[in-house]
Amino acid sequence: MKIVIQTQVQENYGAHDWDGVGACPQYWKAKGGETYVVPNLTVDEALVYGKKDIDTLTALICTVNDGFEEYVIEWSIEDDGAVVCEEWETPFNLYHEDGKWVARRTEVNGEYGYMHHKVASKTEQYDMLIGGKNENYKAVYTMTNGDVVSSDTVNEYLNLEQSK
């Protein structure tokens, strides 16, 4: 079983030209959303997490400010094999580790890939904080040749590879 949380993201286009004086102009546009999954649960765990932790997860995911917002539009308990997003999307898996919630996902570069052709996948992880904030963010890229490169050095690595 798994818990699936779907969100909506909106961007306030009125905030782009706002000088910070007075009320922020309001011109909100929907910009898609994210899918978050708490995977590998027993039926009992799914029911407990659903009752006990959905408010906490919502507080960790949701963000509201003058220029951006993300909010939960629905959540559900699904079978492990249930398809929960479009094939070009990669959900964040959420894990409760060492007393905190951690978000983790691995995006594979393929037919819908947006990454450099030498990148096979990107794995990112962060500790979730209230209000959609995060800490300890890290990303690593696995190259098609098997090399693993941190987000701090991936551009340098690809530029070196290109000059060979």
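**Reading a predicted model, feature by feature**

Q: Let's start with Y36: does it count as buried or exposed?

A: Y36 counts as buried, since its relative accessibility is 4%. Keep in mind that we're looking at a predicted model. The idea is to compare that percentage with a cut-off: under 20% is buried. F92 passes that test too, because its relative accessible area is 5% and the cut-off is 20%.

Q: What about G32, where does it lie?

A: Look at the loop between β2 (28-30) and β3 (35-38), and you'll find G32 there. With a relative accessible area of 43%, G32 is partly exposed.

Q: And which residues does G32 touch, if we skip those up to four places away in sequence?

A: With those left out, G32 touches T7, Q8 and V9. You can also set sequence distance beside distance in space: E11 and G32 are 21 residues apart along the chain, and their C-alpha atoms are 10.0 Å apart.

Q: Next, cysteines. How many disulfides does the structure hold?

A: The general idea is that a disulfide covalently joins the sulfur atoms of two cysteines. In this structure the count is zero.

Q: Why is there no bond for C24?

A: Its closest cysteine sulfur belongs to C62 and is 19 Å away, which is too far for a bond. For C85, the closest cysteine sulfur is also in C62, 19 Å away and again too far. As for accessibility, C24 counts as buried at 10%.

Q: How many salt bridges are there?

A: You look for a side-chain nitrogen of Lys or Arg within 4 Å of a carboxyl oxygen of Asp or Glu. That rule gives six. One of them joins R105 to E34, with the closest N and O atoms 3.3 Å apart. R105 sits in strand β7 (residues 100-108) and E34 in the loop between β2 and β3, so this pair ties together parts 71 residues apart in sequence. R105 is buried, with a relative accessible area of 13%, while E34 counts as partly exposed at 24%.

Q: Which other residue forms a salt bridge with R105, with closest N and O atoms 2.9 Å apart?

A: That's E124. It lies in strand β8 (residues 119-129) and R105 in strand β7, so here the parts tied together are 19 residues apart in sequence. E124 counts as buried, at 7% relative accessibility. Salt bridges link E34, R105, E107 and E124 into a network.

Q: What about K52 and D53, how far apart are N and O in their salt bridge?

A: The N to O distance is 3.7 Å. K52 counts as exposed at 55% relative accessibility, whereas D53 counts as buried at 10%.

Q: Last topic, rings. How many aromatic pairs does the structure hold?

A: There are five. Y13 and Y27 make an edge-to-face pair, with centres 6.1 Å apart and planes at 85°. Both Y13 and Y27 lie in the loop between β1 (2-12) and β2, so the pair ties together parts 14 residues apart in sequence. Y13 counts as partly exposed at 29%, and Y27 is partly exposed at 47%. Y36 and F92, by contrast, are stacked: 5.7 Å centre to centre, with 15° between the planes. That pair links distant parts of the chain, Y36 in strand β3 and F92 in strand β6 (residues 92-97), 56 residues apart.

Q: Which residues do ring pairs link into a cluster?

A: The cluster holds Y36, F92, Y126 and Y137. Back at Y13, the charged end of K29 sits over its ring, 4.7 Å from the centre.

Key:
Residues are numbered from 1 along each chain as its sequence is written. This is a predicted model: local features need pLDDT of at least 70, side-chain atom pairs count only at pLDDT 80 or more; totals for chains, interfaces and linings use all residues. Side-chain values use heavy atoms; hydrogens and water are left out. Helices (H or I, at least four residues) and strands (E, at least two) are DSSP runs, numbered from the N terminus. Buried means under 20% relative accessible area, exposed over 50%, partly exposed in between (1.4 Å probe, protein chains only). Contact means heavy atoms within 4.5 Å. A disulfide is a pair of cysteine sulfur atoms within 2.5 Å. Rings of Phe, Tyr and Trp (its six-membered ring) pair if their centres lie within 6.5 Å; planes under 30 degrees apart count as stacked, over 60 as edge-to-face and the rest as tilted. A charge sits over a ring if NZ of Lys or CZ of Arg is within 6 Å of the ring centre and within 35 degrees of the ring normal.
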